[in-house]
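Q: I am new to reading protein models. Please take one part of this one and look at it closely. Then tell me what else is worth picking out.

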Amino acid sequence: MNRKNTTEFLGKLLISNKFSGPGKHWASEVSLDYGTINVRRVDFMQFEPENVVTISGLEKGIFTSYEVKSCRADYNSGFGKNFETEKNYFVMPMELYIEVRTEVPHDVGVMCPVPRSRDKFDEFKNPTPLDAEVHWELKVIKQARQKSRKRSMVELLFCMLRAGH
């Protein structure tokens, strides 16, 4: 599978596994610092409020960013410089994770496609080719560590709104 197809596959899998269903608030290609020479873009951003019936429930919401990385060159090109949220994940093939696992920052998580009927540890030992005819799901291989956000909720929600889906 080439780089473009791998990126498309990972993006669609992320959408179907993490963002589908009611109450999911997300956007793709979210631009930060729009209109400046330092504009940055994150592939996907999600907002998860604690609840939607109280002001404090909304204000306690957590933002998560996802950067899709299809190959080593893609991984090296952006290296998570656009992560501005409490939780941050790379979404990548298992083969790439095996190659870069010691380079992933300690607070950044990793999600990889794994066949539904397979354990993620078995997949790590012997990765399934992405073009295999199996039912895939994204599994957290490395949990993201929550950190403090440096941007306001209003700013990030506006960036998501401006991006749309």
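What follows starts with strand β5 and then turns to a few other places in the chain.

A: Start with a caution: this is a predicted model. The protein chain has an average pLDDT of 91. Of its residues, 98% score at least 70. Strand β5 covers residues 109–115 and has the highest mean pLDDT among the elements, 97. The lowest mean, 87, belongs to helix α3, residues 72–78. Where pLDDT is low, predicted coordinates should not be read in detail.

Now look at β5 itself. Is the strand covered or open? It is mostly covered, with seven of its seven residues buried. Take the two faces in turn. On one side sit Gly109, Met111, Pro113 and Pro115. On the other sit Val110, Cys112 and Val114. Both sides are covered. The split follows a general pattern: in a regular strand, side chains alternate between the two faces of the sheet.

Next, find the partners of β5. Strand β4, residues 87–91, runs parallel to β5, and three bridges join them. Within that pairing, Val91 stands opposite Met111. Strand β6, residues 136–142, pairs with β5 in the antiparallel sense. That pairing has six bridges. Here Val110 of β5 faces Lys142 of β6.

Move on to strand β3, residues 62–68, and find Phe63. Phe63 counts as buried because its relative accessible area is 0%, and the cut-off for buried is under 20%. What does Phe63 touch? Setting aside residues up to four places away in sequence, its contacts include Met45, Gln46 and Phe47. Thr85, Glu86 and Lys87 are also among them. So are Arg149, Met153, Leu156, Leu157 and Met160. The C-alpha atoms of Phe63 and Asn88 are 8.6 Å apart, though 25 residues separate the two along the chain.

Helix α1, residues 3–19, holds another buried residue, Thr6. The relative accessibility of Thr6 is 5%, so Thr6 counts as buried. Leaving out neighbours within four places in sequence, Thr6 is in contact with Met1, Ser70, Pro93 and Leu130.

For contrast, go to the loop between β2 (40–48) and α2 (55–59), where Val52 is found. Val52 has 58% relative accessibility, so this residue counts as exposed; the cut-off is over 50%. Val52, Val53 and Leu58 make a nonpolar surface patch of about 300 Å².

Finish with charge. Side chains of opposite charge can pair when their charged atoms come close. The count here is 15 salt bridges. One of them joins Arg118 and Glu123, with the closest N and O atoms 2.7 Å apart. Arg118 is partly exposed, at 22%. Glu123 is buried, at 1%.

Another salt bridge links Arg40 to Asp33, the closest N and O atoms being 3.4 Å apart. Arg40 counts as partly exposed at 22%. Asp33 does too, at 24%. Then there is Arg151 with Glu155, where the closest N and O atoms lie 2.7 Å apart. Arg151 is buried at 12%, while Glu155 is partly exposed at 31%. Salt bridges with shared partners join Asp33, Arg40, Glu84, Arg151 and Glu155 into one network.

How values were computed:
Residues are numbered from 1 along each chain as its sequence is written. This is a predicted model: local features need pLDDT of at least 70, side-chain atom pairs count only at pLDDT 80 or more; totals for chains, interfaces and linings use all residues. Side-chain values use heavy atoms; hydrogens and water are left out. pLDDT is the predictor's confidence in each residue, from 0 to 100. Helices (H or I, at least four residues) and strands (E, at least two) are DSSP runs, numbered from the N terminus. Buried means under 20% relative accessible area, exposed over 50%, partly exposed in between (1.4 Å probe, protein chains only). Contact means heavy atoms within 4.5 Å. Patches are made of residues with over 30% relative accessible area and no salt bridge: like charges are joined within 9 Å, nonpolar side chains (Val, Leu, Ile, Met, Phe, Trp, Tyr) within 5 Å. Accessible areas come from the Shrake-Rupley method with a 1.4 Å probe; for residues, only the protein chains shown count as cover. A salt bridge is a side-chain nitrogen of Lys or Arg within 4 Å of a carboxyl oxygen of Asp or Glu. Two strands pair if DSSP finds at least two bridges between them.
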